[in-house]
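Me: Please take a close look at the ligand and its surroundings in this model. A word on the aromatic pairs would also be welcome.

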Amino acid sequence: MSLENQPHQNSTATSLNLTQRPRRLRRNETIRRMVRENVLTVDDLIYPMFVMEGENQKVEIPSMPGCYRFSLDLLLKEIAEIASLGIPAIALFPVISESKKDDTGSESYNPNGLVQQTVKAIKQNTPDILVITDVALDPFTSHGHDGVVDENGVILNDPTVEVLVKMSLSQAAAGADMVAPSDMMDGRIGAIRQALDAAGFIDTKILAYSAKYASAYYGPFRDALDSAPKFGDKKTYQMDPGNAKEAIKEVSLDIAEGADIVMVKPALAYLDVIRQVKDYSSVPVAAYNVSGEYAMIKAAAANGWIDEKKVILETLLSMKRAGADLILTYFAKEVALMLHK
Ligand code: PBG
């Protein structure tokens, strides 16, 4: 008999008469493992990755240590490694040179554009990894907004959706498994679904950035893409951080319009929204552990102020517990390596 099963030394005179002692189920790792309610697995992870033009390029992003812009040749090698670690999916973001940007983001639907070429190459090289492409204009517009802008600086909804539809079709034609509109224009999910179906892409999935907030946590990502808006902010299309009910409204519209998966973004400051969306949603829920959340952990760890690995796992687990079925995270590779140990 192990020590734990022995009658407790002082279980007579001084013990309380309790019917429940929750600590019984915390006594050792075996029982803790058995009763654990939520776990993080490699299957939950989606790895956002940055592709740039050129060859033999691997450039670290200063505000996101450990994250790189890769040229296609090196990206393919990295993705082969990601796939071998069991990470099921990547989300692709392009770094577009200034000379290819214009007011309406027309490079976004160039059939031979950087994203389209990259998707084709990935699907040839590592066919089993699921490729998610971002649908939004900001990497492609000279002004850095996610939409078409009029002479007064107003972001125009319906003309933007027209471009998003073209962009989605060209990504699907290149072989993208899932398109992910991150632009927050109204009605884009329905328009994209109809256009994909009409073109025969009935199996191309849609991951909708449904509740995407106008957040200060995107700063490092905009450094990575060189895509910070040149004027104003994104508050007329991204959600106000004070709102939670509105997230349900956005999610319900996107599901009605044909979203296969809905997303809450950012994750850490919006765990309550993830929970509310999970309780409401009939489709799987993704959470985006965004660039600023990544940078904060990396910065504290670099200073020796926190135990990086433990904090990463605890943070991602909090998103699972809040209700996320999937997590987009720049920690995906590190986490896969940790979980395989
Ligand atoms: C743009 C887009 C952004 C992110 C993903 N897609 C930034 C923004 O809306 O300005 C942010 C991701 C991150 O911060 O990790 N459509």
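Reply: The ligand site comes before the aromatic pairs here.

This is a predicted model, in which local features need pLDDT of at least 70 and side-chain atom pairs count only at pLDDT 80 or more, while totals for chains, interfaces and linings use all residues. Residues are numbered from 1 along each chain as its sequence is written, and side-chain values use heavy atoms, with hydrogens and water left out.

The ligand sits in the largest cavity. A cavity is a set of points on a 1 Å grid over the protein atoms alone where a 1.4 Å probe fits but cannot get out, and a molecule sits in one if more than half of its atoms lie within 2 Å of its grid points. Around the ligand there are 17 residues, of which Arg222, Lys234, Lys265, Ser291 and Tyr330 come nearest; a residue counts as near with a heavy atom within 4 Å. This shell divides into 8 nonpolar, 3 polar and 6 charged residues (Ala, Val, Leu, Ile, Met, Phe, Trp, Tyr, Cys and Pro are nonpolar, Asp, Glu, Lys and Arg charged, the others, Gly among them, polar).

Polar side-chain atoms of Tyr330 and Ser291 each lie by an oxygen atom of the ligand, at 2.6 Å for Tyr330 and 2.7 Å for Ser291. For Ser182, a side-chain N or O atom is 2.8 Å from a nitrogen atom of the ligand. On its own the ligand has 400 Å² of accessible area, and the protein covers 100% of it (Shrake-Rupley method, 1.4 Å probe).

The structure holds 10 aromatic pairs, meaning rings of Phe, Tyr and Trp (its six-membered ring) with centres within 6.5 Å. Tyr68 and Phe70 form a tilted pair, 5.8 Å centre to centre with 50° between the planes; tilted covers what is neither stacked (under 30 degrees) nor edge-to-face (over 60). Tyr294 and Phe331 are also tilted, at 4.6 Å and 45°.

Note on methods:
A polar contact is a pair of N or O atoms within 3.5 Å; within protein, one must be able to donate a hydrogen and the other to accept it, and residues adjacent in sequence count only if both atoms are side-chain atoms. On a 1 Å grid over the protein atoms alone, a cavity is a set of points where a 1.4 Å probe fits but cannot get out, and a pocket is an open set with protein on both sides within 12 Å along at least five of seven lines; lining residues have an atom within 4 Å of a point.
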